Amino acid sequence: MATDTNTQIYHEQQRLQFCLLHSLNNLFQQKDVFTRSSLNEIAEKLVLEEPNNETWTPLSVLFKPHHNALTGNYDINVLIAALEDKGKNVVWHDRRNGASSIDLDGPEDALMGILLNVPVRMFAGLWKSRHWVSLRKIDGVWYNLDSDLVAPQAFEDTEKVREFLDYIIGHGGEVLLVMNNKQ
């Protein structure tokens, strides 16, 4: 699939562990749709709504239940709440079905995009973590908008997207479909 060279693709690059922030803004194709402040606010609201509030310790200043106050590193609960606030639904893809069951060629008003949560190893494998990545179809072309990339990468066609998703699933990644709510 050829890309339109006039298409402007918004792409934030990785800072600290704010990959969820970057992947959401990349997904929405706009700067500051979400900010550190708005995601922190969502995380704090989630803590207040929890029936089993944890007791405070000195480490609670940095290590909060849904994120790390210094580096970000937000969890799935923040992601779902943030997307629901914007009128989106999150559907956890059943990994047993593989990527072939995802309708990548459907109307763009149904599937907004795909968020991936992939395992990463750093520092010679001593540090294990996870990383958020967004994929989005823009002007008929699917893009990998990973904030660790220097620039967005266009997929050749939907079959290449499926191959990529199957690779991610096979290596412990999670696939979340971001659906537009039908009004």
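This passage describes selected helices, loops, contacts and a pocket of the structure. The model is a predicted one.

Helix α1 spans residues 19–28. This helix is mostly covered, with ten of its ten residues buried. Among them are Cys 19, His 22, Ser 23, Asn 25 and Asn 26. Leucines also appear in the buried set, at Leu 20, Leu 21, Leu 24 and Leu 27. Phe 28 is buried as well. Just after α1, the backbone at Gln 29 takes a positive phi of about 60°.

The loop between α1 and α2 (36–49) holds Asp 32. Lys 31 has its place in this loop too. Lys 31 is exposed, because its relative accessible area of 56% is over the 50% cut-off. In sequence, Lys 31 and Tyr 10 are 21 residues apart. In space, their C-alpha atoms are 7.7 Å apart. With neighbours within four places in sequence left aside, Lys 31 is in contact with Tyr 10 and Glu 12. Asp 32 has a relative accessible area of 47%. That value lies between the cut-offs of 20% and 50%, so the residue counts as partly exposed.

Most residues other than glycine have a negative phi. Against that background, Asp 32 has a positive phi, near 60°. Asp 139 is another residue other than glycine with a positive value, and its phi is near 50°. Asp 139 lies in the loop between β3 (127–138) and β4 (141–144). At 60% relative accessibility, Asp 139 counts as exposed.

Strand β1 covers residues 88–92 and includes Lys 88. Lys 88 is buried, because its relative accessible area of 14% is under 20%. The side chain of Lys 88 makes a polar contact with the side chain of Asn 180, at 2.6 Å. Residues up to four places away in sequence are not counted among the contacts of Lys 88. The residues that Lys 88 touches include Phe 28, Leu 83 and Met 112. Val 178, Met 179, Asn 180 and Asn 181 are also touched by Lys 88. One of these partners, Phe 28, is a buried residue of α1.

Helix α4 runs over residues 158–170 and has 13 residues. At 1.5 Å a residue, α4 should span 18 Å. The C-alpha atoms at its ends are 18 Å apart, which agrees. The buried residues of α4 are Thr 158, Val 161, Arg 162, Leu 165, Ile 168 and Ile 169. Seen down the axis of α4, these residues fall within an arc of 120°, so they line one face of the helix. Asp 157 caps the N-terminal end of α4. A side-chain oxygen of Asp 157 lies 3.1 Å from the backbone nitrogen of Glu 159. Just after α4, Gly 172 takes a positive phi of about 90°.

Rolling a probe the size of a water molecule over the atoms shows where empty space is left. The second largest pocket holds about 190 Å³ of space. Its lining is made up of 14 residues. Val 118, Pro 119, Val 120, Val 133 and Ile 168 lie nearest the centre of the pocket. At least two lining residues come from each of β2 (111–122), β3 and α4. The largest share, four residues, is supplied by β2. Ile 168 is also one of the buried residues of α4.

How values were computed. Residues are numbered from 1 along each chain as its sequence is written. This is a predicted model: local features need pLDDT of at least 70, side-chain atom pairs count only at pLDDT 80 or more; totals for chains, interfaces and linings use all residues. Side-chain values use heavy atoms; hydrogens and water are left out. Buried means under 20% relative accessible area, exposed over 50%, partly exposed in between (1.4 Å probe, protein chains only). A polar contact is a pair of N or O atoms within 3.5 Å; within protein, one must be able to donate a hydrogen and the other to accept it, and residues adjacent in sequence count only if both atoms are side-chain atoms. Contact means heavy atoms within 4.5 Å. The expected span of a helix is 1.5 Å times one less than its number of residues. The arc is that of the directions from the helix axis to the C-beta atoms. On a 1 Å grid over the protein atoms alone, a cavity is a set of points where a 1.4 Å probe fits but cannot get out, and a pocket is an open set with protein on both sides within 12 Å along at least five of seven lines; lining residues have an atom within 4 Å of a point. Grid points are joined across faces, edges and corners, and a volume is the space filled by probe spheres set on the points.
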